[in-house]
Amino acid sequence: MDMENQARVKAAAEKYNPEELVVILGGGEAESSGLAAETVTVGDPAFAGPLAGVSLGLKVYHILEDEVKEACDPKVYEEQIGMMEMVLDKEAITQEVRRIREQYSKY
Amino acid sequence: MALDLKGKKVIIIGDRDGVPAPAIEEAVKSAGAEVIFSATECFV
């Protein structure tokens, strides 16, 4: 995750109750999605940005996960996400993000 | 089970080569979430 976004996530976690925060990812691959999920839970895996060594433990989901899909208006979800849901490797991406959430999310 | 996003503060990190942030924003707003900030990254 780029430095600027790490800083914004960190600021949001300080400003708001972290229990009320949810990070939603749109990564196109399992690996990049997993790295972003790690960044907002255990900290920046590259140890380069503002979240290096900072374990926020935020709740993190990928937009393709069924729990998120079911929460959205079906028509809006289909219009906005439907195409990419067909194109991307949904199973690999959602498995990776779920694995990291279950392991590292504190909330 | 559906994730309860009603009234939740949401941070969106979209991907230029995946799902861009504006599309995610529309979807989670329809679930009643409040978007705090959204950004589209290029992971390459």
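These are my notebook entries on how chain A meets chain B in this predicted model.

**Entry 1: the contact between the chains**

I started with the residue counts. Chain A puts 32 residues into the contact, and chain B puts in 30 residues. I then looked up which elements of chain A supply two or more residues to the side that touches chain B. They are helix 1 (3–15), strand 1 (21–25), helix 2 (30–39), helix 3 (66–71) and helix 4 (74–87). I also sorted that side of chain A by residue type. It holds 20 nonpolar, six polar and six charged residues.

**Entry 2: the strands that join**

Next I followed strand 1 of chain A. It runs parallel to strand 1 (residues 9–15) of chain B, and five bridges join the two. I noted two of the bridge partners. Leu21(A) is matched with Lys9(B) in strand 1 of chain B. Ile24(A) is matched with Ile12(B) in that strand of chain B.

**Entry 3: the sheet**

I traced the sheet outward from there. It is open, has four strands and pairs them in parallel, in the order 2(A)-1(A)-1(B)-2(B). Which strands form the edges? Strand 2 (59–62) of chain A and strand 2 (34–41) of chain B do, each pairing on one side only. I checked the twist as well. With direction ignored, neighbouring strands are turned by 20° against each other on average.

**Entry 4: helices on the sheet**

I looked at helix 1 of chain A, which packs on this sheet. It touches strand 1 of chain A, and also strand 1 and strand 2 of chain B. Its direction makes about 165° with that of strand 2 of chain B. Helix 2 of chain A lies across strand 1 and strand 2 of chain A and strand 1 of chain B. I read its angle to strand 1 of chain A as about 160°.

**Entry 5: helix 2 against helix 5 in chain A**

Last, I turned to a helix pair within chain A. The axes of helix 2 and helix 5 (residues 90–104) of chain A come within 8 Å and cross at roughly 20°. Angles under 35 degrees count as roughly parallel, so helix 2 of chain A is roughly parallel to helix 5 of chain A. I logged the crossing of these two helices as right-handed.

I listed the residues that meet. Helix 2 of chain A brings Ala30(A), Ser33(A), Gly34(A), Ala37(A) and Glu38(A). Helix 5 of chain A brings Ala92(A), Ile93(A), Glu96(A), Val97(A), Ile100(A) and Arg101(A). By type, the residues of this contact divide into six nonpolar, two polar and three charged.

Note on methods. Residues are numbered from 1 along each chain as its sequence is written. Chains are lettered from A and ligands numbered from 1 in the order in which they are written. This is a predicted model: local features need pLDDT of at least 70, side-chain atom pairs count only at pLDDT 80 or more; totals for chains, interfaces and linings use all residues. Two residues are in contact if their C-beta atoms, placed from the backbone, lie within 7 Å. Ala, Val, Leu, Ile, Met, Phe, Trp, Tyr, Cys and Pro count as nonpolar, Asp, Glu, Lys and Arg as charged, and the others, Gly among them, as polar. Two strands pair if DSSP finds at least two bridges between them. Axes are lines fitted to C-alpha atoms, for helices over the stretch in contact, and angles run from 0 to 180 degrees between N-to-C directions. Angles under 35 degrees count as roughly parallel, over 145 as roughly antiparallel, 65 to 115 as roughly perpendicular and the rest as oblique. A crossing is left-handed if the near helix is turned anticlockwise from the far one by less than a right angle, and right-handed if clockwise.
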